[in-house]
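Dear colleague,

I am handing over the structure below, and the notes that follow it set out what was found. Please keep the model open beside the text as you read.

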Amino acid sequence: MIAHLGLTTIKQISSNLSIQVNQDNFEFLVINHPKFDAAFALHGAHLVHFQIKGQAPLIYTSSNAIYSADKAIRGGVPICWPWFGSTVETKQKNLPSHGFARTSKWQLNDTSENEQGVDIEFLFASNSETKSVWNNDFQVTLKAQLTDQIKLTLVTKNTGDQGFTYRGALHSYLHIGDIKQFAVNGLASTYSDSLDHGVIKNTQQPAYPSGPIDAIFAVNEGDIVLEDKANQRNITIRNQGNDSVVVWNPWEEGAKAFVDMPDDGYKTMFCVESAITAKQGVYVAPNQQHCLQTVIK
Ligand SMILES: O=P(O)(O)OC[C@H]1O[C@H](O)[C@H](O)[C@@H](O)[C@@H]1O
């Protein structure tokens, strides 16, 4: 799934882990564990690939994704932070949708590995550039534990002396075999329809998506289960620290409008996001931290 990127190794970290670059010097951490293959872009600490050996990929990344310092990567698990989507304020200030973390370079801080999998830690801290758009002191850590599942924990630490609030998401694009042979179980009974002015609607249980969807669900008890019938599997998602679950698929017209997604890309992806979308966000006091997590298997 990343072979088409034509990567070259520039640093071998261990026999399973290496830093590789594409022809534009865009850096990836590539993991070839005996149990799975995975890759992160250092740009955004963005998981772009995860595939257990012998199985279909668990994560969808667009074959047309653009790897460029000022762009967000289409697919994978974008880290939306410290805001979600756009607000009147971010629009007025011409700030990017979903915050600046996904278009910032993160530092690979630590890796460890064993027979079960690998642990990886990426860091991103406030600097003069981030403070010019969001005037807070922070350190954000992405802790990734990859085994027979993906566990991503985003730790937001307030390193300043003023409290702040944040919003965001672990915006997972799950790979599915065929959207026409697909169902979603375990979502809350109502949702706010972002494609219809936030009108509150009832959820079908299970839900069989048949058109564009952009919906904010409350947090429900239990797991969200995607029936990926074409791949004869269920994908299970368990979130923590979120106040909502955002579900998104742009469908055909939406995909056609994106330069970085094939027209039929919508057929093999479905986003289920561990999100903080409430207006008040999450408050983080000085020296305190908050964890946002998603576990996918
Ligand atoms: O195109 P992006 O900025 O990556 O956003 C992709 C999508 O993210 C979320 O799912 C939002 O709810 C959608 O409204 C948005 O279209």
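Does alanine 45 count as buried or exposed? At 1% relative accessibility, alanine 45 counts as buried. Please bear in mind, here and throughout, that this is a predicted model.

Alanine 45 is also worth a look for its backbone, since this residue has a positive phi of about 45° although it is not a glycine. You will find alanine 45 in the loop between β4 (36-41) and β5 (46-52). As background, most residues other than glycine have a negative phi, and most peptide bonds are trans. Histidine 98 likewise has a positive phi, near 65°, in a residue other than glycine, and its place is in the loop between α1 and β7 (107-113). With a relative accessible area of 12%, histidine 98 is buried, because buried means under 20% relative accessible area.

Histidine 98 leads on to the ligand, as a polar side-chain atom of this residue lies 3.0 Å from an oxygen atom of the ligand. Aspartate 214 also approaches the ligand, with a polar side-chain atom that lies 2.4 Å from a ligand oxygen atom, and for tryptophan 248 the distance between an N or O atom of the side chain and an oxygen atom of the ligand is 3.4 Å. On its own the ligand has 390 Å² of accessible area, and the protein covers 77% of that. The residues around the ligand are Arg74, Phe84, Ser97, His98, Arg102, His171, Asp214, Val246, Trp248 and Glu273. Sorted by character, this shell consists of three nonpolar, three polar and four charged residues. As for the space that the ligand takes, this is the largest pocket.

Another histidine, histidine 290, is found in strand β23 (residues 289-296). Histidine 290 has a relative accessible area of 18% and is therefore buried, given that the limit for this class is under 20%. Its side chain has a polar contact of 2.6 Å with the side chain of tyrosine 166, and the side chain of histidine 290 also reaches the backbone oxygen of glycine 241, at 3.4 Å.

Two peptide bonds deserve attention when you go through the loops. The bond from tryptophan 81 to proline 82 is cis, with omega near 0°, and proline 82 lies in the loop between β6 (79-80) and α1 (88-92). The bond from glutamine 205 to proline 206 is cis as well, with omega near -10°, and the loop that holds proline 206 runs between β16 (199-202) and β17 (213-218).

The remaining notes concern pairs of residues that are separated along the chain, with the distance in space given for each.

Asparagine 287 lies in the loop between β22 (282-284) and β23, and at 59% relative accessibility this residue counts as exposed. How many residues apart in sequence are asparagine 287 and asparagine 158? They are 129 residues apart in sequence, while their C-alpha atoms are 5.3 Å apart in space.

Aspartate 223 is found in the loop between β17 and β18 (224-228), where it counts as partly exposed at 25% relative accessibility. Its C-alpha atom is separated by 8.4 Å from that of leucine 187, and the two residues are 36 apart along the chain.

Valine 133 has its place in helix α2 (residues 128-133) and, at 34% relative accessibility, counts as partly exposed. Between the C-alpha atoms of valine 133 and threonine 90, which are 43 residues apart along the chain, the separation is 9.4 Å.

Alanine 230, finally, is found in the loop between β18 and β19 (233-240), and at 35% relative accessibility this residue counts as partly exposed. Alanine 230 and glutamate 121 are 109 residues apart along the chain, and their C-alpha atoms are separated by 34 Å.

With kind regards

Note on methods. Residues are numbered from 1 along each chain as its sequence is written. This is a predicted model: local features need pLDDT of at least 70, side-chain atom pairs count only at pLDDT 80 or more; totals for chains, interfaces and linings use all residues. Side-chain values use heavy atoms; hydrogens and water are left out. A residue is near a molecule or strand if one of its heavy atoms lies within 4 Å of it. A polar contact is a pair of N or O atoms within 3.5 Å; within protein, one must be able to donate a hydrogen and the other to accept it, and residues adjacent in sequence count only if both atoms are side-chain atoms. Accessible areas come from the Shrake-Rupley method with a 1.4 Å probe; for residues, only the protein chains shown count as cover. On a 1 Å grid over the protein atoms alone, a cavity is a set of points where a 1.4 Å probe fits but cannot get out, and a pocket is an open set with protein on both sides within 12 Å along at least five of seven lines; lining residues have an atom within 4 Å of a point. A molecule sits in a cavity or pocket if more than half of its atoms lie within 2 Å of its grid points. Ala, Val, Leu, Ile, Met, Phe, Trp, Tyr, Cys and Pro count as nonpolar, Asp, Glu, Lys and Arg as charged, and the others, Gly among them, as polar. Helices (H or I, at least four residues) and strands (E, at least two) are DSSP runs, numbered from the N terminus. Buried means under 20% relative accessible area, exposed over 50%, partly exposed in between (1.4 Å probe, protein chains only).
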